[in-house]
There are 2 protein chains.
Amino acid sequence: MTEQGTRTYSPRERMVFSAAQLIRRDGVGATGMRDVAAHADAPRGSLQHYFPGGKDQLVGEAVTWAGRYAARRVTRNLAALPAADRRPSRLFAALISQWTEECLATDFAFGCPVAAVTVDCADAADSARTAAAQAFACWREPLGAALVELGVPEARGASLATLLVSALEGALLIARAERDTHALTTVAEELGPLLDAAALSH
Amino acid sequence: MTEQGTRTYSPRERMVFSAAQLIRRDGVGATGMRDVAAHADAPRGSLQHYFPGGKDQLVGEAVTWAGRYAARRVTRNLAALPAADRRPSRLFAALISQWTEECLATDFAFGCPVAAVTVDCADAADSARTAAAQAFACWREPLGAALVELGVPEARGASLATLLVSALEGALLIARAERDTHALTTVAEELGPLLDAAALSH
DNA sequence: CCATTATTATGACGACTGTCATAAGGTGGC
DNA sequence: GCCACCTTATGACAGTCGTCATAATAATGG
């Protein structure tokens, strides 16, 4: 979630990006509009110009962006899967390991922005929460499709995708609290056989 | 998390209890000290008296209380398991269904306080986060023991407990965002066979 | 060159927040 | 009575928040 292409981003894009970064680190409530502008090197006056809907709109766009980012991550990891490892367990392990590395690299400072918005729903009565729901859906859908492509029967693709997102999200939470990645690796190891068994019974 | 015994609780206990309630509904940042006192029908002046450590201390005690509550819930569900259903899948299903009912009863307003504290770590540099870590441990430990008692080999008890807490926590997150309990039921259904299979290979 | 629009700058507003200082009740022991 | 102690009451402090009003500047198209 740190790498971005070489092209320059507009201040508006940078603010959405920065909002997602700050939200997943500090939570929604603790992330101020002024902080977002400063982190994005964007003028403070642009906030009310690009986001007339206020903080709700900014948070909503940030979480939507995060959902699309997570979806891209799934398809990218699927495409990068070695031909010898085209099993669902390998895909999940790759996803988990990517989050694990991120945890270690940032000293467990970063969580998932979608989770942060879901938990910190004090503001934005509905708009932010529905955006979080769509982000989860946007994340789960390509994951289910990837599982099916790896041999999981179509009927179980969506269910297993829900399970994987749940386990990943929960393990990320535990890992952050304990400052230890063992929950992430444990989840990957325990769920791997289940996934491959589901794929074998084509 | 709503039922409490008949005995009267001291203002201090009520404030810890109320803090946990408000935190899991609104998040840490959005829960004000004044709100806690009002919700607990406790005098505002008692806050600085009982919690000289300030908000950090109150949040820490609230999440510790929540962890112990979750642990109690595990042992209680294990004890209440019908003799015919002494399988790990049944225990997990019972836990999931309890959270599901809570979601529906509160219109998805309540999440898990431990998750809220973990995500909203802006305040309380370490004390709150370590309290959250201990709460997770306090929750996972009796769950692992219960799995072992239901036939899971001792070596896998802890791992499976970590998986179950992760999946439950993540599914709770998704359910809250989507205002739909399908993630919870899906997780229970998908994980049930895995658990019973692990128990059969005594 | 002008007019129109898009963007940025700046300061202020009211409403919160956690925390503290200070002092007042309340209760039981002597 | 009086003292000590636990508890509560109350107001104020400095800070931050999201939002808005207003104006200056930059860019754009005629």
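User: Which class of residue has the highest count on the surface near DNA strand C: nonpolar, polar or charged?
Analyst: Happy to start there, and please keep in mind that this is a predicted model. The surface near DNA strand C has three nonpolar and six charged residues. The remaining class there has seven residues, and that class is polar.

User: Which residues come nearest to DNA strand C?
Analyst: There are 16 residues around this strand. Sugar and phosphate make up 49% of the strand's atoms that come within 4 Å of the protein. From chain A the nearest residues are A:P43 and A:S46, and from chain B they are B:R34, B:Q48 and B:K55.

User: Which side chain has an N or O atom 3.1 Å from a base nitrogen of DNA strand C?
Analyst: Let's go through a few contacts of this strand. The backbone of B:T31 has a polar atom 3.4 Å from a phosphate oxygen, and the side chain of A:Y50 has one 3.5 Å from a sugar or linking oxygen. The base nitrogen, at 3.1 Å, is paired with the side chain of A:R44.

User: Which element gives the most to the surface near DNA strand C?
Analyst: Two or more residues each come from α2 (33–39) and α4 (54–79) of chain B, and also from α3 (45–50) of chain A. With four residues, the top contributor is α3(A).

User: Now for DNA strand D: which residues are closest to it?
Analyst: Here 17 residues surround the strand. Of the strand's atoms within 4 Å of the protein, 47% belong to sugar or phosphate, and the rest to bases. The closest residues are B:P43 and B:S46 from chain B, with A:R34, A:Q48 and A:K55 from chain A.

User: Which side chain places an N or O atom 2.8 Å from a phosphate oxygen of DNA strand D?
Analyst: Chain B supplies two contacts to consider. B:H49 has a polar side-chain atom 3.1 Å from a phosphate oxygen, while the side chain of B:Y50 comes to 3.5 Å from a sugar or linking oxygen. The 2.8 Å distance to a phosphate oxygen belongs to A:K55.

User: Which element supplies the largest share of the surface near DNA strand D?
Analyst: At least two residues each are supplied by α2 (33–39) and α4 (54–79) of chain A and by α3 (45–50) of chain B. By class, this surface has three nonpolar, eight polar and six charged residues. Its largest share, five residues, comes from α3(B).

User: How much area do chain A and chain B bury between them?
Analyst: The size of an interface is often given as the accessible area lost when the parts come together. The contact here takes 42 residues from chain A and 42 residues from chain B. Carbon and sulfur atoms carry 66% of the buried area, which is about 3500 Å².

User: Which residues of chain A lose the most area to chain B?
Analyst: Three residues stand out on this side of the interface. Together they account for 19% of what chain A's side buries, and they are A:V119, A:L173 and A:E190.

User: Why is A:C138 not in a disulfide?
Analyst: A disulfide needs two cysteine sulfur atoms within 2.5 Å, and the count over all chains comes to zero. B:C138 is in no disulfide either, with the nearest cysteine sulfur, in B:C112, 12 Å away. A:C138 is partly exposed, at 28% relative accessible area. Its sulfur is too far for a bond because the closest cysteine sulfur, in A:C112, lies at 12 Å.

Technical notes
Residues numbered from 1 in each chain as written. Chains lettered and ligands numbered in written order. Predicted model: local features only at pLDDT ≥ 70, side-chain atom pairs only at ≥ 80, totals over all residues. Heavy atoms only, no water. Near = heavy atom within 4 Å. Polar contact = N/O pair within 3.5 Å; in protein donor to acceptor, adjacent residues only side chain to side chain. Nonpolar A, V, L, I, M, F, W, Y, C, P; charged D, E, K, R; others polar. Buried < 20%, exposed > 50% of the residue type's maximum accessible area, 1.4 Å probe, protein only. Contact = heavy atoms within 4.5 Å. Buried area = accessible area lost by both parts, 1.4 Å probe.
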